[in-house]
Amino acid sequence: MEAIRRRAGRRVERQGPAVRRALLDCARRLFAEHGYAGVSLRQVGRAAGVNPAMVHYYFGDKRGLYRQIFHEAAGPVLDQVRRLIDDNGTTDTHPIQTFLTLLMRTLARSPWLPAFITRDVLAPDGEFREEFVHTYASPGGTGVATLITREIAAGRLRSDLDPDLAALSLVSLALYPFIALPVARRVFDVPIEPDRIQRLVEHTTRLFFSGTGVSPALGTPPPHLQGTRPW
């Protein structure tokens with residue numbers, strides 16, 4: 001049962017997991033539609049049916065609220081990269097595919113995330129750019145480059161690859177269909193729904209390995225993708 005807080009001269013305010021979740025869900029929708037700068041705490045509180053002061057209670061301020069929304073989606077991807085690095089190929093022998101699968105499935109489950117990235121990270125006046133670079137892009141990109149370096153050393157990727165550029169290409173292949181979706185959806189049958197995303201994951205993985213694998217013969221997937229649908 002949610003706790004109830006009463007302040008002198010003010011209405012009763014409910015507190016608890018349901019209120020926190022409502023603030024996150026409503027703020028996520030508003031931020032996706034209007035961007036960070038275009039949303040006020042009053043709008044968030046009104047949409048969630050609570051006093052805007054509850055944002056301060058749970059998240060500190062608007063930036064803390066935005067940060068938590070972003071972290072719920074992007075945090076697990078970064079955590080997975082770290083686990084793959086720590087694992088060092090001991091239990092997961094296909095770290096590139098594992099990373100790509102998680103990233104693209106996360107984007108499919110969180111269709112609002114590309115809007116956040118486009119408006120508040122990539123735009124010239126992106127409010128969240130510096131924090132995104134410091135918290136996610138820098139450690140994540142460095143981590144993926146580390147995984148690629150290890151795959152080169154293991155003989156599973158071409159020895160002439162630049163790990164940093166290969167990491168950029170990998171992330172670009174995964175992210176671009178979602179960033180471009182408002183246009184791409186009108187031209188191509190882009191399978192980005194959660195129940196169809198595996199088709200795009202397999203296609204993207206094959207495309208990457210066809211260009212970077214030791215034997216990049218077109219139409220010959222790496223062993224861990226053999227038997228999957230053709231692209």
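Biologist: How many helices and strands does the chain have?

Modeller: Keep in mind that this is a predicted model. Its secondary structure comes to 10 helices and 2 strands. Going along the sequence, the pattern reads β-β-α-α-α-α-α-α-α-α-α-α.

Biologist: And what share of the chain's residues is buried?

Modeller: Of the 231 residues, 44% are buried. As for the surface, the chain exposes about 12,500 Å², and carbon and sulfur atoms supply 56% of that area.

Biologist: What share of the contacts with a separation of 6 or more comes from residues 24 or more positions apart?

Modeller: That share is 62% in this chain.

Biologist: Let's pick one helix. What span should α4 have, and how far apart are its end C-alpha atoms?

Modeller: The idea is to allow 1.5 Å a residue. Helix α4 covers residues 62-87, which is 26 residues, so it should span 38 Å. Its end C-alpha atoms lie 37 Å apart, and that agrees.

Biologist: Where does α4 have a kink?

Modeller: Look at Glu72: there is a kink of about 45 degrees there, shortly before the proline Pro76.

Biologist: What happens at the start of α4?

Modeller: There, a side-chain oxygen of Asp61 comes to within 3.3 Å of the backbone nitrogen of Arg63.

Biologist: And which residue follows α4?

Modeller: That's Asn88. First, the general idea: most residues other than glycine have a negative phi. Asn88 has a positive phi, near 55 degrees. You'll find Asn88 in the loop between α4 and α5 (95-109).

Biologist: Is Asn88 buried, exposed or partly exposed?

Modeller: Its relative accessibility is 49%, so Asn88 counts as partly exposed; the exposed class begins over 50%.

Biologist: Now the rings. How many aromatic pairs does the structure hold?

Modeller: There are 15 of them. Take Phe70 and Phe128: their pair is tilted, with 5.2 Å centre to centre and 40 degrees between the planes. This pair links distant parts of the chain, since Phe70 sits in helix α4 and Phe128 in the loop between α6 (113-122) and α7 (129-153), 58 residues apart. Both residues are buried.

Biologist: Why is the pair of Phe70 and Phe132 edge-to-face?

Modeller: Planes over 60 degrees apart count as edge-to-face. The planes of Phe70 and Phe132 stand at 75 degrees, with ring centres 5.6 Å apart, so the pair fits that class. Phe132 lies in helix α7, so its pairing with Phe70 in α4 ties together parts 62 residues apart in sequence.

Biologist: Which residues join Phe70 in an aromatic cluster?

Modeller: Among them are Phe31, Tyr36, Trp112 and Tyr136, along with Phe128 and Phe132.

Notes: Residues are numbered from 1 along each chain as its sequence is written. This is a predicted model: local features need pLDDT of at least 70, side-chain atom pairs count only at pLDDT 80 or more; totals for chains, interfaces and linings use all residues. Side-chain values use heavy atoms; hydrogens and water are left out. Helices (H or I, at least four residues) and strands (E, at least two) are DSSP runs, numbered from the N terminus. The expected span of a helix is 1.5 Å times one less than its number of residues. The bend at a residue is the angle between axes fitted to the seven residues ending there and the seven starting there. A polar contact is a pair of N or O atoms within 3.5 Å; within protein, one must be able to donate a hydrogen and the other to accept it, and residues adjacent in sequence count only if both atoms are side-chain atoms. Buried means under 20% relative accessible area, exposed over 50%, partly exposed in between (1.4 Å probe, protein chains only). Contact means heavy atoms within 4.5 Å. Accessible areas come from the Shrake-Rupley method with a 1.4 Å probe; for residues, only the protein chains shown count as cover. Rings of Phe, Tyr and Trp (its six-membered ring) pair if their centres lie within 6.5 Å; planes under 30 degrees apart count as stacked, over 60 as edge-to-face and the rest as tilted.
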